[in-house]
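Let's take a walk through this model together, one region at a time. Keep the sequence and the 3D view open side by side as you read.

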Amino acid sequence: TPVGGIVDFLRNEETGLITKVNDPKGIALSVKKISAQPELKEKMVKNAYKMVQDKYDWSIIAKQMRDFFSRHE
């Protein structure tokens, strides 16, 4: 569901599937979609993995924090 920090990294059919809040039928449809479309699932897994490597690896985060604190000393 597009709530909180999820929207910062979840892109519908790119890094996951978005459903409406409090929509169990929507969640069920998303699960069925992934089950019926293994190529879509594989694409989303690859995209999500790449995004994590590019944006959320600890070495990247540490460098960003170091740069931020260097600029604000």
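**Starting in the segment before α1**

Leu17 is a buried residue, because its relative accessible area is 17% and buried means under 20%. Its place is in the segment before α1. Before going further, please keep in mind that you are looking at a predicted model.

What does Leu17 touch, once residues up to four places away in sequence are not counted? The list consists of Leu10, Asn12, Ser30, Lys33, Ile34, Leu40 and Met44. One of these, Ile34, makes a handy pair to pick out on your screen: Leu17 and Ile34 are 17 residues apart in sequence, and their C-alpha atoms are 8.9 Å apart in space.

From Leu17 you can step back along the chain to Thr15, which also lies in the segment before α1, the helix of residues 24–36. Is Thr15 buried or exposed? With a relative accessible area of 17%, Thr15 falls under the 20% limit and is therefore buried. Its side chain has polar partners on the backbone. The side chain of Thr15 reaches the backbone oxygen of Phe9 at 2.8 Å, and it reaches the backbone nitrogen of Arg11 at 2.7 Å. If you set aside the neighbours of Thr15 within four places in sequence, the residues in contact with Thr15 are Phe9, Leu10, Met44, Asn47, Ala48 and Met51. Leu10 and Met44 may look familiar, as Leu17 touches them too.

Two other residues of this segment deserve a look at their backbone angles. Glu13 has a positive phi of about 65 degrees, although it is not a glycine. Asn22 likewise is not a glycine, yet has a positive phi of about 55 degrees. Both belong to the segment before α1, as the place of Glu13 and that of Asn22 show. Their surroundings can be told apart by accessibility. Asn22 has a relative accessible area of 74%, and because exposed means over 50%, Asn22 is exposed. Glu13, at 26%, is partly exposed.

**Following the charges**

Glu13 also leads us to the next topic. Side chains of opposite charge can pair when their charged atoms come close. How many salt bridges does the structure hold? There are 4, and we can visit some of them.

Let's begin with the pair that includes Glu13. Lys33 forms a salt bridge with Glu13, and their closest N and O atoms are 2.3 Å apart. This pair links distant parts of the chain, with Lys33 in helix α1 and Glu13 in the segment before α1, 20 residues apart. Lys33 is partly exposed, its relative accessible area being 28%. Recall that Lys33 is also among the residues that Leu17 touches.

Now move along to helix α2. Here the side chains of Asp54 and Lys50 meet in a salt bridge, at 2.6 Å from N to O. Both residues lie in α2, 4 residues apart, or about one turn of the helix. Asp54 counts as partly exposed at 42% relative accessibility, and Lys50 counts as partly exposed at 48%.

Helix α3 holds a further pair. Asp67 forms a salt bridge with Lys63, with 2.7 Å between the closest N and O atoms. Because Asp67 and Lys63 are 4 residues apart in helix α3, about one helical turn separates them. Asp67 is partly exposed at 29% relative accessibility, and Lys63 is partly exposed with a relative accessible area of 43%.

**Where α2 and α3 come together**

Having visited both helices, let's see how they pack. Two packed helices are described by the angle between their axes and the distance between the axes. Helix α2 covers residues 38–56 and helix α3 covers residues 58–71. Their axes lie 6 Å apart, and the helices pack at an angle of about 30 degrees. Angles under 35 degrees count as roughly parallel, so α2 and α3 are roughly parallel to each other.

Which residues meet in this contact? From α2 come Gln53, Asp54, Lys55 and Tyr56, and from α3 come Trp58, Ile60 and Ile61. The residues of this contact divide into 4 nonpolar, 1 polar and 2 charged. Asp54 appears here once again, the residue that forms a salt bridge with Lys50.

Key. Residues are numbered from 1 along each chain as its sequence is written. This is a predicted model: local features need pLDDT of at least 70, side-chain atom pairs count only at pLDDT 80 or more; totals for chains, interfaces and linings use all residues. Side-chain values use heavy atoms; hydrogens and water are left out. Axes are lines fitted to C-alpha atoms, for helices over the stretch in contact, and angles run from 0 to 180 degrees between N-to-C directions. Helices (H or I, at least four residues) and strands (E, at least two) are DSSP runs, numbered from the N terminus. Angles under 35 degrees count as roughly parallel, over 145 as roughly antiparallel, 65 to 115 as roughly perpendicular and the rest as oblique. Contact means heavy atoms within 4.5 Å. Ala, Val, Leu, Ile, Met, Phe, Trp, Tyr, Cys and Pro count as nonpolar, Asp, Glu, Lys and Arg as charged, and the others, Gly among them, as polar. Buried means under 20% relative accessible area, exposed over 50%, partly exposed in between (1.4 Å probe, protein chains only). A polar contact is a pair of N or O atoms within 3.5 Å; within protein, one must be able to donate a hydrogen and the other to accept it, and residues adjacent in sequence count only if both atoms are side-chain atoms.
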